[in-house]
Amino acid sequence: KAKVELGGLASLEPANLLEYIPDGDGFERFGSTHAFNEYVSYTLRPPYEMMKRAGMKMTASTHVERAMTFPNFLARQSLRDEAMAS
């Protein structure tokens, strides 16, 4: 979890990523749709911005000063959603 929070999906070994996202092409295609962008705009960006403004710690890392970027927040949430859907 902390690995993705701080390094994004690229921080995972390909075999580990495949465990969470078996259909990488479908994952990429859906992630580039208007529907997904709307979902992100309405359900993920607002809580991220709220936590950021409030100075809340958003990572499992022990390094509070290392803020999670929005792309990494999105990657973490996407992996969570994929795991729940599997």
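Asn72 counts as buried, because its relative accessibility is 12% and the cut-off is under 20%. This residue sits in helix α5. The model is predicted. This briefing starts from Asn72, then turns to Val4, two helices and a pocket.

**Asn72 and its surroundings**
- Asn72 touches Val4, Glu5, Leu6, Gly7 and Gly8, not counting residues up to four places away in sequence.
- One of these partners, Val4, lies in helix α1.

**Val4**
- Val4 has 5% relative accessibility, so Val4 counts as buried.
- Its contacts, leaving aside neighbours within four places in sequence, are Leu9, Ser11, Leu12, Asn72, Ala75, Arg76 and Leu79.
- Val4 and Phe70 are 66 residues apart along the chain. Their C-alpha atoms are separated by 12 Å.

**Helix α5**
- Helix α5 runs over 70-85.
- At 1.5 Å a residue, its 16 residues should span 22 Å. The end C-alpha atoms of α5 are 22 Å apart, which agrees.
- The buried residues of α5 are Phe70, Asn72, Phe73, Leu74, Ala75, Arg76, Gln77, Ser78 and Leu79.
- What covers these buried residues includes α1 (2-7), α2 (14-20), α3 and α4.

**Ser78**
- Ser78 also has its place in helix α5.
- With 10% relative accessibility, Ser78 counts as buried, because buried means under 20%.
- Leaving aside neighbours within four places in sequence, Ser78 is in contact with Phe27 and Phe36.

**Helix α4**
- Helix α4 covers 34-53.
- Its 20 residues should span 28 Å at 1.5 Å a residue. The end C-alpha atoms of α4 are 27 Å apart, which agrees.
- A kink of about 40 degrees lies at Leu44. The kink comes shortly before the proline Pro46.
- Phe36, Val40, Leu44, Tyr48 and Met51 are buried in α4. Leu44 is thus named twice: at the kink and among the buried residues.
- The buried residues of α4 pack against α3 and α5.
- Gly55 follows α4. The phi of Gly55 is positive, near 75 degrees.

**The largest pocket**
- The largest pocket has a volume of about 330 Å³.
- Of the 15 residues that line this pocket, the closest to its centre are Phe27, Gly31, Phe36, Leu74 and Ser78.
- Ser78 is in contact with two others of that central group, Phe27 and Phe36.
- Helices α3 (24-31), α4 and α5 each supply at least two residues of the lining.
- The largest share of the lining, seven residues, comes from α5.
- By type, the lining of the largest pocket divides into nine nonpolar, three polar and three charged residues.

**Points to locate in the structure**
- For helix α5, find Asn72 and Ser78.
- For the link to α1, find Val4, which is in contact with Asn72.
- For the bend in α4, find Leu44, shortly before Pro46.
- For the centre of the largest pocket, find Phe27, Gly31, Phe36, Leu74 and Ser78.

Note on methods:
Residues numbered from 1 in each chain as written. Predicted model: local features only at pLDDT ≥ 70, side-chain atom pairs only at ≥ 80, totals over all residues. Heavy atoms only, no water. 1 Å grid on protein atoms, 1.4 Å probe; cavity = no way out; pocket = protein on both sides within 12 Å on 5 of 7 lines; lining within 4 Å. Points joined across faces, edges and corners; volume = space filled by probe spheres on them. Helix = DSSP H or I, 4+ residues; strand = E, 2+ residues; numbered from the N terminus. Nonpolar A, V, L, I, M, F, W, Y, C, P; charged D, E, K, R; others polar. Expected span 1.5 Å × (residues − 1). Bend = angle between axes of the 7 residues up to and from the residue. Buried < 20%, exposed > 50% of the residue type's maximum accessible area, 1.4 Å probe, protein only. Contact = heavy atoms within 4.5 Å.
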